[in-house]
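Here are a few notes to help you find your way around. Keep the structure open beside you as you read.

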Amino acid sequence: MNALHRLTAAHLDLIVDTSSTPTIRYFGAPLGEVDTTSVIRALERPLVPGGLDVEPPLAIVPEAGGGFFGRPGLLGHRPTGIDHAPQFTVAGVERSDNSLRVDCVDDVAALRLAITISLDEALIASVSVHNDGPTRYHLDALTVTLPLPDHVDQLLLFDGRWAREFATRRVDWGEGTHQIDNRRGRTSHEHPPLLFAGQRGFGEWRGDVWGAHLAWSGNHSIRAERLADGRRYVQLGELLQPGEVVLESGESYRTPDVIAVHGYGLTPASWGFHRTVRRRGPQRVTPRAVVANTWEAMYFDHDPDAVRALADAAAAVGVERFVLDDGWFGGRRGDTAGLGDWVVSEDVYPDGLAPLIDHVRGLGMEFGIWVEPEMVNTDSELYRAHPDWVLVDQRRAPVLGRNQLVLDITRDDAFAHVLGQLDALLVDHDIAYVKWDMNRPLVAPATSGAPGTRRHTLALYRLFDELRERHPNVEFESCAGGGGRIDLEILRRTERVWASDCIDPLERQAIQRGLSMLLPPEVVGAHIGAPRAHTTQRTSRTSFRTATALFGHLGVECDIGAQTPGEQARIAEAIALYRRFRPLIHAGDVVRFDTEDSVMAHGAYAADRGEALVSFAQLTRSQQQVPARWLLPGLPFDARYTIRRIDLPGEVLGMAFSQPAWWAAGEPLVLTGRQLALHGLQPPVLHPETAVLVHLDRVV
Ligand code: GLA
């Protein structure tokens, strides 16, 4: 049996060796026509002096039992401690054009592994372990390991916090280990399950770059290690609490999907993630509707007349979907009560929501609603009836977060209750969209005493799946105090994520840039807020807010009717601009450009490279008086483009005295893709916190 299996895709190549425990021998750019055995021979490694007589493979599930001294892929044991170092042999290989399944057995430990890999726009791998033995198997970890070549010596890591998600951090990857553990019970603001690794100095369009993501909305552990023998790997998997997974005889555990990409430069590498989201996520036929959200417009102050007035003002500027945020249900007049009671508040809406929904529909908009189904306030009907339905060790005092507790939806009764209330809400009302929030992390979550994060995450997925099945036309958004639950598994069940509670455009430029390394723009909620941002108190121009929110799924989040007539007109202009460019931005390829630190430049190239829209934002003042030339690589060299400035709503200050002549005159330039890549464009001199837009149209 040939033990080398090669999967090829348009942008990727993969060679897996199944002569022993399955090992990736090559993953990266297409190799072209090659004899796969030559890859193995070329990369055969000499033995390490002073080491073992064999070099254990850096397998997809590396084995301590075979002498691997890094972190084993499978960690666990039986009650007496035996079977802690299993060793598998390959029992069968099944392959199709672009996927591979390898079954492995360890007859001594009575365990089986199944490894599945597919290759398309990305490599998607998962592993499952099955307990064939007569006793329990306590699973501590099962992860997917990807080897990386030796010349990869820098990492791009992601940190963050509430209102500052997806901050990037570049670190040298010399000797040793980088370990990122998330124990917050949701994907988290702090540790998005994502990393990139590349050649030192890699940029948006240069250097060999690999990226890896764990598609999972609970706890996770990500490791990047360079072994003393020089080999490097990244390893991703769920972080399991002690006792969280115990496999009884005949039971299995499967890891979340690990999704890995490669490209020359970060921009092409991230296309693998974007295309995967576009293929795996819910398929849409209609354009992404412009949202108006009530939260920053009125917070908990829901007065039906005021809500109707906001809807009128929203419709007048061109909004297409009106979303009623927190405060419409039960006793929810503030953030201390009401969560758990998903019934319309009779105090606030004595006639129910139907008249409001009719009003919104009559204005030509869809209606959307906010819920936080996994949560409960102690001051709620639900908690008073079922104080034991919370995801804690019942013997201990729970830790509150935003005055709330987590509901134990792993219980059938609690699950059925939440499903029943949400289903009734969607059956009884004309609701097109649900913003699903999760405003606190899990702290020592327990169900019947046992650790509850994994079970909670699976129950959450089941709840989504069941609701989507019953209401296939309703769209969902994943929000968790902003961007606390953003991953490619929740995005199989939601059309959108709320990137951040911070809609200050200066902060959002950075948040959305980090996020764009994982997500395509059409799933990223991006709103135009009030001139003074609520989370930072910073004031910004409408033009800057527009240029920032345009590269996402646009919304407006402010008291629209209370803005000056001029501001309302500018918001209307912003929405018109979004509608014009939505087809390009939402189907094209995200591009980011390398610039000096005071600038952020990015945009979208149409898939056929027939047009492009790019943005140049001056964030802070630069050391140099005239900004550096803007290089725009990645367009076909011989294609010719007409290049025009696109005017944003309102003023972009500073341009009157310091702009290139073609720019000032509003005259188009014609340049080739080669020119754009090699000598680029001279941007105007801009004040800080301003942005400009440029459109490129291919000359046929
Ligand atoms: C979270 C969300 C906000 C808003 C509030 C409501 O913070 O991120 O957008 O929905 O909850 O309580």
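1. A residue counts as near a molecule or strand if one of its heavy atoms lies within 4 Å of it. On that basis, 13 residues surround the ligand, and Asp325, Asp326, Arg402, Lys435 and Asp501 come nearest.

2. A word on the source: this is a predicted model, in which local features need pLDDT of at least 70 and side-chain atom pairs count only at pLDDT 80 or more, while totals for chains, interfaces and linings use all residues. Residues are numbered from 1 along each chain as its sequence is written, and side-chain values use heavy atoms, leaving out hydrogens and water.

3. Back at the ligand, polar side-chain atoms lie 2.7 Å (Asp325), 2.6 Å (Asp326) and 3.1 Å (Asn439) from an oxygen atom of the ligand.

4. Next, have a look at α4, residues 304-317 (helices are DSSP runs of H or I, at least four residues, numbered from the N terminus). Its 14 residues reach 20 Å from first C-alpha to last, close to the 20 Å expected at 1.5 Å a residue. After α4 comes Gly318, with a positive phi near 110°.

5. Which residues of α4 are buried? They are Val307, Leu310, Ala311, Ala313, Ala314 and Val317, where buried means under 20% relative accessible area (1.4 Å probe, protein chains only). They sit on the same side of α4 because they cover an arc of only 165° around the axis, taken from the directions from the helix axis to the C-beta atoms.

6. Finally, an automatic or database assignment divides the protein into domain 1 (4-280), domain 2 (291-498) and domain 3 (592-698).

Notes. Helices (H or I, at least four residues) and strands (E, at least two) are DSSP runs, numbered from the N terminus. The expected span of a helix is 1.5 Å times one less than its number of residues. Buried means under 20% relative accessible area, exposed over 50%, partly exposed in between (1.4 Å probe, protein chains only). A polar contact is a pair of N or O atoms within 3.5 Å; within protein, one must be able to donate a hydrogen and the other to accept it, and residues adjacent in sequence count only if both atoms are side-chain atoms.
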